[in-house]
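User: I'm new to this structure and would love a close look at a single part of it, the sheet and what surrounds it. Could you walk me through it step by step?

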Amino acid sequence: MPPKQAVAKKTAKKAAKPENPLIEKRARNFGIGQDIQPKRNLSRYVKWPEYVRLQRQRAVLKQRLKVPPAINQFSKVLDKNTATQLFKLLNKYRPETKVEKKQRLTAAAEQAAAGNKVDQGKKPVFVKYGINHITALVEAKKAQLVVIADDVDPIEIVLWLPALCRKMGIPYCIVKGKARLGTVVHKKTATALVLTEVKPEDKPDLAALVSAVKENYNEKAEEIRRTWGGGIMGFKSQQETIRREKAAAREVKV
């Protein structure tokens with residue numbers, strides 16, 4: 001037991017604390033129908049929508065399970081600076097919208113109805129999209145740069161495309177977001193895009209992009225083929241593994 005003097009000192013300190021008579025102590029009662037409850041973080045009690053739960057479960061599974069190289073390559077996306085330059089170039093070659101196409105055809109029809117010769121002009125230079133069209137362009141070696149989305153679902157739609165590009169010697173890259181690719185071609189999403197040609201003033205930009213892309217993807221074919229993904233356990237499992245390793249090390253010493 002502590003000595004009586006020490007207890008007396010503690011009580012004296014507590015009693016010496018000054019209290020402001022103007023401030024009235026109001027103890028709050030958090031019973032039903034009483035004071036408003038304090039704000040708490042209730043996110044762990046939220047029933048999330050099914051699509052959110054599936055997204056999160058899929059992300060966790062991709063970390064836990066061993067992911068084969070063919071699928072793991074889609075986790076290695078283009079760096080932010082190069083991707084910014086790429087989308088700047090792609091946005092210059094956006095295809096015409098439905099409204100623009102309608103206006104062009106209407107103007108051509110009016111000219112034809114007036115008996116004038118319709119000038120079709122030069123063939124426009126646009127970004128190509130659609131997986132079957134892209135496949136035909138790659139096989140014909142007409143593609144100069146192939147851009148693939150990393151989050152295509154099901155992944156089998158584009159799973160074989162990097163291998164085909166490597167075989168045909170065509171530079172390709174993987175970027176974040178099928179929705180981001182979709183905005184270029186006025187769609188909700190796009191699995192892949194292809195540049196077949198560019199204007200003379202944009203050729204240096206394309207050459208710089210192609211060299212960066214080849215260095216990161218085409219020339220690292222062997223490394224991509226051998227690199228597995230996943231196998232990352234959760235925090236609790238990692239701590240348990242560390243504990244077991246330490247216990248095993250102690251047994252060896254003994």
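**A close look at the sheet**

Analyst: Let's begin with one pair of residues: Leu-145 has Leu-195 in β5 as its bridge partner. Before going further, please keep in mind that this is a predicted model. The pair belongs to a wider pattern, in which β3 and β5 run antiparallel and are joined by four bridges. Another pair to look for is Val-146, which stands opposite Val-194 in β5.

Now step back to the whole sheet. The sheet is open and has four strands, in the order β2-β5-β3-β4, and its pairing is mixed. Because β2 (128–129) and β4 stand at the edges with a single partner strand each, one side of each has no neighbour in the sheet.

Where does the mixed pairing come from? Going through the strand pairs shows it. β2 pairs with β5 in the antiparallel sense, over two bridges. Here you can find Tyr-129 opposite Leu-193 in β5. β3 and β5 are antiparallel as well, as described above. β3 and β4, by contrast, run parallel, and four bridges join them. On this side, Val-146 stands opposite Tyr-172 in β4. Val-146 is a handy landmark, then: it faces Val-194 in β5 and Tyr-172 in β4.

Next, look at the two faces of the strands. In β5, Ala-192 and Val-194 point one way, Leu-193 and Leu-195 point the other way, and all of them are buried. β4 is an edge strand, yet both of its faces are covered. Tyr-172 and Ile-174 lie on one side, Cys-173 and Val-175 on the other, and all are buried.

What lies across the sheet? Helix α7 lies across β3, β4 and β5, and it runs at about 165 degrees to β3. A good residue to follow here is Leu-161. Setting aside neighbours within four places in sequence, Leu-161 is in contact with Ile-131, Ile-134, Val-146, Ile-148 and Ala-192. Two of those names you have already met: Val-146, from the pairs with β5, and Ala-192, one of the buried residues of β5.

These contacts lead to the nonpolar core. The largest one has 45 residues, and those with the most contacts inside it are Leu-86, Leu-90, Val-146 and Leu-161. The elements that give two or more residues to this core are α4 (80–91), α6 (131–139), β3 (145–149), α7 (161–168), β4 (172–175), α8 (178–184), β5 (192–195) and α9 (203–216). So Val-146, which pairs with both β5 and β4, and Leu-161, whose contacts we just followed, are both among the residues with the most contacts in that core.

Let's return to Tyr-172 on the edge strand, for it also takes part in an aromatic pair. The structure holds one such pair. The rings of Tyr-172 and Tyr-217 have centres 5.5 Å apart and planes at 55 degrees, so the pair counts as tilted. Since Tyr-172 lies in strand β4 and Tyr-217 in the loop between α9 and α10, the pair ties together parts that are 45 residues apart in sequence. Are these two tyrosines buried or exposed? Tyr-172 is buried, with a relative accessible area of 0%, and Tyr-217 is buried too, at 5%.

The loop with Tyr-217 leads on to α10, where the picture turns from rings to charged side chains. The structure holds six salt bridges. One of them joins Glu-222 and Arg-226, with the closest N and O atoms 3.2 Å apart. Both residues lie in helix α10 (residues 221–226), four residues apart, which is about one turn of the helix. Glu-222 is partly exposed at 39% relative accessibility, while Arg-226 is exposed at 61%.

Helix α11 (residues 235–253) holds another pair, Glu-240 and Arg-244, again four residues apart, about one turn of the helix. Their side chains meet in a salt bridge (3.4 Å, N to O). Glu-240 is partly exposed, at 29% relative accessibility, and Arg-244 is exposed, with a relative accessible area of 56%. Back in α10, salt bridges that share partners join Glu-222, Arg-225 and Arg-226 into one network.

Conventions. Residues are numbered from 1 along each chain as its sequence is written. This is a predicted model: local features need pLDDT of at least 70, side-chain atom pairs count only at pLDDT 80 or more; totals for chains, interfaces and linings use all residues. Side-chain values use heavy atoms; hydrogens and water are left out. A nonpolar core is a set of buried Ala, Val, Leu, Ile, Met, Phe, Trp, Tyr and Cys residues joined through side-chain atoms within 4.5 Å. Buried means under 20% relative accessible area, exposed over 50%, partly exposed in between (1.4 Å probe, protein chains only). Contact means heavy atoms within 4.5 Å. Two strands pair if DSSP finds at least two bridges between them. Axes are lines fitted to C-alpha atoms, for helices over the stretch in contact, and angles run from 0 to 180 degrees between N-to-C directions. A salt bridge is a side-chain nitrogen of Lys or Arg within 4 Å of a carboxyl oxygen of Asp or Glu. Rings of Phe, Tyr and Trp (its six-membered ring) pair if their centres lie within 6.5 Å; planes under 30 degrees apart count as stacked, over 60 as edge-to-face and the rest as tilted.
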